[in-house]
Amino acid sequence: MKDGGSRATRKRQAGERAAEMATDGDVVGLGTGSTAAYATEALGAAVARGHDITGIPTSYHSRAVALDAGIPLTELDAVDAVDIAIDGADEVVDGDLIKGGGAAHTREKIVDAAADRFVVVVDDSKETDVLSHPVPVEVVPAARPTVMKTVRDMDGEPTLRSAGRKDGPVITQHGNLVLDCDFGPIEDPAAISTALSTIPGVLEHGLFVDVADEIVVGGPEGVQVRSTR
């Protein structure tokens with residue numbers, strides 16, 4: 001179905017299509033962000049119709065959305081497997097992503113990587129030819145100066161993320177800081193991912209390399225589902 005509507009409409013349609021990929025009895029990783037929230041709300045509607053779906057939230061926000069939607073929740077250590085994770089992205093190139101606009105990328109990566117099937121849900125504005133969005137890096141506070149120096153040595157420009165509605169920096173749910181690291185066009189995401197992961201004091205970063213199984217995209221021609229495998 002074609003749709004030339006708003007970006008919000010495209011997000012909602014993509015989220016609802018992704019939610020249809022979860023089946024009765026699934027344990028579902030619930031992503032963070034506006035497009036993933038549409039998927040969570042659609043999963044809540046399925047639960048209301050009698051489907052047996054259990055969610056694992058990836059942030060305080062996704063937990064709140066899931067509770068409002070009526071989805072029973074659990075944690076990774078209480079299940080044998082995660083059947084499917086549905087999560088958004090800040091930028092997508094094929095199966096590689098940059099995530100972390102909501103500063104929840106550490107837990108998102110844990111849950112998404114644990115899933116048997118990881119479905120990324122975005123509107124078409126998030127697709128690009130080369131990743132270039134600043135990469136969020138969660139950093140232990142004491143390591144901030146040394147991590148920033150190392151990122152600069154990698155030809156990146158780190159910026160401490162400031163909170164929008166209070167003085168001071170953003171604090172993650174793990175009590176850490178977030179550096180938004182601008183590397184310009186990232187021609188080799190795997191190399192940057194590996195280098196960031198080896199820096200002492202880095203808990204996790206927002207490059208998700210070769211993790212996604214499918215990309216669900218809401219665009220002007222409707223919803224498209226693309227396999228990355």
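1. In this predicted model, helix H2 runs over residues 34–48, and its 15 residues carry it 21 Å from the first C-alpha to the last, which is close to the 21 Å expected at 1.5 Å a residue. Beyond the helix comes Gly-50, a residue with a positive phi near 110 degrees.

2. The buried residues of H2 are Thr-35, Ala-36, Ala-37, Ala-39, Thr-40, Leu-43, Gly-44, Ala-46 and Val-47. Their cover includes two other helices, H1 (7–19) and H3 (60–69), together with the strands S1 (27–30), S3 (84–87) and S6 (118–123).

3. An open sheet is built from three strands in the order S4-S5-S11, and the pairing within this sheet is antiparallel. Strand S4 (91–93) and strand S11 (207–208) are the edge strands, and because each has a single partner strand, one side of each is left without a neighbour in the sheet.

4. The pairing of strand S5 (residues 96–98) with S11 is antiparallel and rests on two bridges, and in S11 it is Leu-207 that stands opposite Ile-98.

5. Phe-208, a residue that deserves a separate remark, has the charged end of Lys-99 over its ring, 5.7 Å from the ring centre. Lys-109 likewise lies over the face of Phe-208, in this case at 4.9 Å from the centre of the ring.

6. As for contacts between aromatic rings themselves, a search covering the whole structure returns zero aromatic pairs.

Technical notes. Residues are numbered from 1 along each chain as its sequence is written. This is a predicted model: local features need pLDDT of at least 70, side-chain atom pairs count only at pLDDT 80 or more; totals for chains, interfaces and linings use all residues. Side-chain values use heavy atoms; hydrogens and water are left out. Two strands pair if DSSP finds at least two bridges between them. Helices (H or I, at least four residues) and strands (E, at least two) are DSSP runs, numbered from the N terminus. Rings of Phe, Tyr and Trp (its six-membered ring) pair if their centres lie within 6.5 Å; planes under 30 degrees apart count as stacked, over 60 as edge-to-face and the rest as tilted. A charge sits over a ring if NZ of Lys or CZ of Arg is within 6 Å of the ring centre and within 35 degrees of the ring normal. The expected span of a helix is 1.5 Å times one less than its number of residues. Buried means under 20% relative accessible area, exposed over 50%, partly exposed in between (1.4 Å probe, protein chains only). Contact means heavy atoms within 4.5 Å.
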